[in-house]
Amino acid sequence: MAGAPLNIDDSGCSLEISVDETPASSRRVRAGDKQNEAALFCSEFLSVDIDQIVSDLNVNGYYAFPSAISQYTLKTIERDATQTRIGLNENSISGVYSEKQYYLTNLLAVSKTFYNFATSSLVLKICERYLGNEFRLKALRYYETYGGHHMQWHTDNKTDKAFAHIPGIIFIFYVSDVEDGEFQYIEGSHLWSGEKAYSDYTDEFIEANYESAIRSFKMPSGSLLIYNTYGIHRARPVNNKNFVRKSVFLQVDSEIQRSEPIIVNTEFITRLNDQISMFLGFGQPSDYEVFPKTTLNSLPLDKKIIRVMTRYVLYRLSRGAFSRLPHSVRLAVRRLIKR
Ligand SMILES: O=C(O)CCC(=O)C(=O)O
Ligand SMILES: [Fe+2]
């Protein structure tokens with residue numbers, strides 16, 4: 001199930017294993033970091049000023065950079081996240097459907113490219129500069145949003161149960177071009193939403209009070225958004241039945257004691273240090289309920305599912321019928337099939 005390892009020729013990306021801290025090995029790690037980032041990000045984004053990111057997050061609550069992520073990264077992550085969309089009783093990592101959305105939350109178990117992104121020096125540096133020395137990956141996902149999905153205005157400073165005062169940031173990048181159903185953020189709302197002690201806001205409340213502060217991010221694939229979790233935001237609803245938006249989400253916050261389950265393929269961890277261990281939550285509880293919570297009932301009954309179910313029912317029925325045939329007939333049928 002793991003995505004094919006990054007090929008140096010394809011991507012110019014390689015990582016070094018570091019266990020000691022000799023100058024030579026640190027130099028190798030730094031060179032590995034640079035190659036990793038050159039494969040993940042577009043060169044314009046690699047020269048961003050982190051002070052600018054921090055300042056935008058502080059003042060507006062968000063930071064946006066168009067086409068920051070390389071097409072290679074997007075293609076690889078999309079492939080890894082959609083290889084097994086429905087894996088009913090398959091002994092592998094697969095995605096889930098939650099009505100009008102598809103999710104693959106265990107991206108760190110199937111995508112080395114996503115692992116490289118999440119633990120890249122650039123992502124870790126942004127987290128460190130904005131959140132301080134203590135921060136942890138709280139939730140992550142590749143997701144697709146289809147027409148008819150309605151996301152209400154909300155903040156993300158919450159646990160699986162309720163609103164919470166936990167400073168945090170979210171990285172979202174678009175895997176497809178987003179000309180509709182884009183991310184929207186109420187500029188400056190991270191500065192006052194904490195006083196409210198709740199996370200959800202009605203469309204009417206936002207329209208009546210904050211319409212002029214709504215910022216909308218229609219941007220091409222690879223565009224990166226980073227925002228303060230206290231800010232009020234949503235994905236703009238789209239009714240068109242054929243609409244699909246593909247995105248990746250990564251939430252990091254300063255509560256290092258807990259997170260959603262973080263399931264990592266150990267094959268991807270070619271370098272481990274205290275910061276990465278803290279970020280991934282090694283040895284720490286990860287008992288928040290995974291989002292989204294789905295059951296078989298949240299799987300839409302569409303043509304694809306009907307085909308899968310029909311094939312399954314026909315297979316089980318014919319197997320059952322076959323096992324009830326006399327032994328000699330079963331042998332004859334087997335011989336016929338082998339011919
Ligand atoms: O996809 C988006 O535009 C927003 C996603 C979001 O707010 C969330 O998953 O909490
Ligand atoms: Fe959100």
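The following conversation is about a predicted model, and it takes up its metal site and some of its aromatic rings.

Student: What makes the site of the iron ion (ligand 2) irregular?
Tutor: The angles among its six donor atoms run from 54 to 169°, whereas six donors count as octahedral only if opposite donors are over 155 degrees apart and all others between 65 and 115; an angle of 54° fits neither condition, and therefore the site is called irregular.

Student: Which residues coordinate the iron ion (ligand 2), and where in the chain do the two histidines lie?
Tutor: Among the donors are His-154 (NE2), Asp-156 (OD) and His-233 (NE2), at 2.1 to 2.4 Å. His-154 belongs to strand S5 and His-233 to strand S11, 79 residues apart, and the pair links distant parts of the chain.

Student: How do you know whether His-233 is buried or exposed?
Tutor: Its relative accessible area is 2%, and buried means under 20%, so His-233 is buried; by this cut-off His-154, at 10%, is buried as well.

Student: Why is the pair of Tyr-198 and Tyr-201 called tilted?
Tutor: The ring centres are 5.3 Å apart and the planes stand at 50°; because pairs under 30 degrees count as stacked and those over 60 as edge-to-face, the pair of Tyr-198 and Tyr-201 is tilted.

Student: What makes Tyr-198 partly exposed?
Tutor: Tyr-198 has a relative accessible area of 38%, which lies between the limits of 20% and 50%, so Tyr-198 is partly exposed, whereas Tyr-201, at 2%, counts as buried.

Methods:
Residues numbered from 1 in each chain as written. Chains lettered and ligands numbered in written order. Predicted model: local features only at pLDDT ≥ 70, side-chain atom pairs only at ≥ 80, totals over all residues. Heavy atoms only, no water. Donors = N, O, S within 2.8 Å, 3.2 Å for Na, K, Ca; no water. Tetrahedral: all angles 85-135°; square planar, octahedral: opposite > 155°, others 65-115°. Helix = DSSP H or I, 4+ residues; strand = E, 2+ residues; numbered from the N terminus. Buried < 20%, exposed > 50% of the residue type's maximum accessible area, 1.4 Å probe, protein only. Phe/Tyr/Trp six-rings, centres within 6.5 Å; stacked < 30°, edge-to-face > 60°.
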